Amino acid sequence: MKATGIVRRIDDLGRVVIPKEIRKTLRIKEGTPMEIYTDRQGEIILKKYSPIGELDIFAKEYTEALFQTTGFTVCITDRDQVVAAAGPGSRELTGKSISRELEKVIAERSTKSFNAGERKKIPITENQKEMRNSGIIQPVVSSSDAIGAVILIGKNERDIIGNAERMLVQTAAGFLGKQIEQ
């Protein structure tokens, strides 16, 4: 564990303030759900809660099935990182932090689709310049909270996102949202 040199006192209600620098670095905002753990040495561990992260094995299987059906690279993200990916380039995506632009798309709860010739494509991960080819981003909504996204990415410039791909991504996002509500 990394020491920050910052010390905070617990108030009379048992609260402690997470320093602004740490909140900014870890993208912790007001309302961000946190899990609280303790370990055997008596340390308290705070971790951002990811409902989609709870379904990581299921998400991996779902990405594999969508890849086999469409031939497109498929990603499932939570609000922080790519939870699962399948298809060409998936190793470079899995576990990476999502871009601020993708975070905004998820928060807006609207489907975004791009074809190869279009400008202003959304990068999936922080260090990625932009989505490589065609693609579609469908936010996952559960109990009226935007909690992640299902993303299809074309493998080459000739791939075009059609109505069938849109419906598959919307179905996947809807299904994941319902699974989390249960």
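**View 1. The two faces of helix α2 in the predicted model.** On one side of α2 (56-70), the residues Ile-57, Glu-61 and Gln-68 are exposed, whereas Ala-59, Tyr-62, Thr-63, Leu-66 and Thr-70 of this helix are buried. Seen down the axis of α2, the buried residues fall within an arc of 100 degrees, and they therefore line one face of the helix. An α-helix has 3.6 residues a turn, so residues three or four places apart point the same way. The cover over the buried residues of α2 includes β3, β4, β7 and α5.

**View 2. The length and the end of α2.** With 15 residues at 1.5 Å a residue, α2 should span 21 Å, and this agrees with the 21 Å that separate its end C-alpha atoms. Just after α2 comes Gly-71, which takes a positive phi of about 80 degrees.

**View 3. The largest nonpolar core.** This core has 20 residues, of which Ile-52, Leu-66, Ile-76, Val-140, Val-150, Leu-152 and Leu-176 touch the most other members. At least two residues each are supplied by α2, β3 (73-77), β4 (82-86), β6 (135-142), β7 (145-153) and α5 (163-181), and the largest share, 4 residues, comes from α5. A second, separate core of 16 residues includes Ile-98, Leu-102, Ile-137 and Ile-151.

**View 4. The surroundings of Val-140.** Leaving aside neighbours within four places in sequence, Val-140 is in contact with Ile-52, Asp-145, Ala-146, Ile-147, Gly-148, Ala-149, Val-150, Ala-173, Leu-176 and Gly-177. Among these partners, Ile-52, Val-150 and Leu-176 are, like Val-140 itself, listed with the core residues that touch the most other members.

**View 5. The second largest pocket.** This pocket has a volume of about 500 Å³, and of the 23 residues that line it, Thr-32, Pro-33, Arg-79, Ala-146 and Ile-147 are the closest to its centre. The elements that give two or more residues to the lining are α4 (100-108), β7 and α5, and the largest share, 3 residues, comes from β7.

**View 6. Two loop residues, Arg-109 and Ser-144, with positive phi.** Most residues other than glycine have a negative phi. Arg-109, in the loop between α4 and β5 (112-114), nevertheless has a positive phi near 60 degrees, and because its relative accessibility is 43% it counts as partly exposed. Ser-144, in the loop between β6 and β7, has a positive phi of about 65 degrees although it is not a glycine, and at 51% relative accessibility Ser-144 counts as exposed.

Notes: Residues numbered from 1 in each chain as written. Predicted model: local features only at pLDDT ≥ 70, side-chain atom pairs only at ≥ 80, totals over all residues. Heavy atoms only, no water. Core = buried A, V, L, I, M, F, W, Y, C linked by side-chain atoms within 4.5 Å. Buried < 20%, exposed > 50% of the residue type's maximum accessible area, 1.4 Å probe, protein only. Contact = heavy atoms within 4.5 Å. Expected span 1.5 Å × (residues − 1). Arc of directions from axis to C-beta. 1 Å grid on protein atoms, 1.4 Å probe; cavity = no way out; pocket = protein on both sides within 12 Å on 5 of 7 lines; lining within 4 Å. Points joined across faces, edges and corners; volume = space filled by probe spheres on them.
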